[in-house]
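User: I am new to this structure and would like to learn how to read it feature by feature. Could you take me through it slowly?

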Amino acid sequence: MKHYTSGLRCGQLPSLTRTRRTHKVGLMQSDVNAIKKQFHEIFGADAGERTRVIRAPGRVNLIGEHTDYNDGFVLPMAIEPEVRMVCRARSDGQIRLASTVYPKELLEFSIQKKIERGSPSWGNYSRGVAAEFLAAGIPLVGMDALVANTLPVGGGLSSSAAIEVATALCLLTLTGEKIDPTRLALLCQKAEHEYAGVPCGIMDQTIVSSARAGHAMLLDCRDNTKTYVKLNPIELRVVIVNSMVSHELTGGEFAQRRRQCEQAVKLFKQDDSGVRALRDVTMEQVEAMRPRMSDLIYRRARHAVGESLRTTEAAKALAAQRYERVGELMAQSHESLRDDYEVSCAELDYLSAEAMRVKGVYGARMTGGGFGGCIVALVQPRAVEPLTQHLHGTYTAKFGLQPNVFVTTATAGANVLE
Ligand code: GLA
């Protein structure tokens, strides 16, 4: 399911292209003061309890799409657009949430009763995190919190995981509890499964909580091993292009892809009971199984197995600064997502193909769950401006939509600002 958006549905991304912002611009103190001011206008002045400020970045996945729930590899990094949450403890066990994206809505629930999914639905990510913390026996306090956002909702840059991780960090900061980042990511993933109805993998919550500035992360989604890959800030730019077609992962397609992968696993299990996920299968095994599979399941398996191999190779090539090879692998990834996994759309196909035509672009591909959202391109610094201009001209002429093109550096994972 996709929606055409005339503009971003949330706090607009700063127009990074126009200002040609190519280096990390940290969160200004004035920005923090502005959201604290808004918080105090909504929830009243501090009287005893201290107001805290948390940030959780969005993410872009360089390669390794739809591999995380197959126990495979992914190569994401955290990006500058982010979720910021201002919070303050309450002693009555109530959690009250406001959002700058939905300014008219205030939602409230109690941590002393069973926490149910409800409306407005943007609150379900936070409801889910509070509920999973309680179920895991992690002590909670009530809180007032304001969610502010420079991440496009439905843009495929993981605003949902950022809200989940930010909520988790608010709750931990207010109680003084500590949990390790892998457990935190797993609890947030469970919250998304149970409360947002999206059977996502572990990539988004892991990168949002454990990213390292200046690095991408090769994540082994089976055992959560993280290998950080340094990105050369002189030679490389990461450009994100929002198609302005927003995606909806609750629409059923995502869950269907997961089920199709599980169907493939069942077949491989018949021959080898040691196969737990497509991670355990080689390309040769996929080909050998082809006559016994429907064409659809064959293509799904070929994507998941091939993509994971491309991802480990891309991580090595990136570390060795062999950017042309990384670019080739990104292009192959896009083709596989388009033809075998069928999660792309006309807008993302067009943007990726047009991006690849610009000199100095190593590679471009759709990023995230698909069906809309963004592409990511790995480019030489000198290619940023021509790429931006080319996509603005051609994409708008073809689809009547203004793409949002911006450069981002790799930021650190979620943290407490104040
Ligand atoms: C969404 C999910 C992730 C991952 C990607 C596809 O972002 O949340 O877990 O499956 O899609 O790679």
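The dialogue below goes from the domains to the ligand and then to single residues.

User: What should I know before I start?

Analyst: This is a predicted model, in which local features need pLDDT of at least 70 and side-chain atom pairs count only at pLDDT 80 or more, while totals for chains, interfaces and linings use all residues. Residues are numbered from 1 along each chain as its sequence is written, and side-chain values use heavy atoms, with hydrogens and water left out.

User: Into which domains is the chain divided, and how many residues does each give to the contact?

Analyst: Domain bounds come from an automatic or database domain assignment. Here the chain is divided into domain 1 (3-230) and domain 2 (237-408), and the contact takes 50 residues from domain 1 and 57 residues from domain 2, where contact means heavy atoms within 4.5 Å. The centres of the two domains, taken over C-alpha atoms, are separated by 25 Å.

User: Where does the ligand lie with respect to the domains, and why?

Analyst: The ligand lies between domain 1 and domain 2, because both of them give residues to the shell around it. A residue is counted as near a molecule if one of its heavy atoms lies within 4 Å of it. In this model 13 residues surround the ligand, and the closest are Glu 65, His 66, Asp 68, Gly 201 and Asp 204.

User: How many residues of each class are in that shell?

Analyst: Ala, Val, Leu, Ile, Met, Phe, Trp, Tyr, Cys and Pro count as nonpolar, Asp, Glu, Lys and Arg as charged, and the others, Gly among them, as polar. By that scheme, the shell around the ligand has 5 nonpolar, 4 polar and 4 charged residues.

User: Which polar atoms of the protein lie by oxygen atoms of the ligand?

Analyst: A polar contact is a pair of N or O atoms within 3.5 Å; within protein, one must be able to donate a hydrogen and the other to accept it, and residues adjacent in sequence count only if both atoms are side-chain atoms. In this case a polar side-chain atom of Asp 68 lies 2.5 Å from an oxygen atom of the ligand, and an N or O atom in the side chain of Arg 59 is 3.0 Å from a ligand oxygen. The backbone takes part through Gly 369, with an N or O atom 3.5 Å from an oxygen atom of the ligand. Of the 310 Å² of accessible area that the ligand has on its own, the protein covers 98%; accessible areas come from the Shrake-Rupley method with a 1.4 Å probe, and for residues only the protein chains shown count as cover.

User: Is Glu 65 buried or exposed, and which residues does it touch?

Analyst: Buried means under 20% relative accessible area, exposed over 50%, and partly exposed in between, with a 1.4 Å probe and protein chains only. Glu 65, at 1% relative accessibility, counts as buried, and it lies in the loop between S2 and S3; helices (H or I, at least four residues) and strands (E, at least two) are DSSP runs, numbered from the N terminus. The side chain of Glu 65 makes a polar contact with the side chain of Arg 365 at 2.7 Å and reaches the backbone nitrogen of Gly 368 at 2.9 Å. Not counting residues up to four places away in sequence, Glu 65 touches Met 203, His 303, Glu 307, Leu 337, Arg 365, Met 366, Thr 367 and Gly 368.

User: Where is Asn 70 found, and what does its side chain reach?

Analyst: Asn 70 is found in the loop between strand S2 (52-61) and strand S3 (73-74), and its side chain reaches the backbone oxygen of His 66 at 3.1 Å. Asn 70 counts as buried at 5% relative accessibility. Leaving aside neighbours within four places in sequence, its contacts include Cys 261, Arg 279 and Tyr 341.

User: Which residues other than glycine have a positive phi?

Analyst: Two cases can be read here: phi of Ser 158 is near 70°, and phi of Met 244 is near 65°. Ser 158 is buried, with a relative accessible area of 6%, and Met 244 is buried as well, at 8%.

User: Which peptide bond is cis?

Analyst: The bond from Ser 119 to Pro 120 is cis, with omega near -5°, and Pro 120 has its place in the loop between strand S6 (106-110) and helix H3 (124-135).
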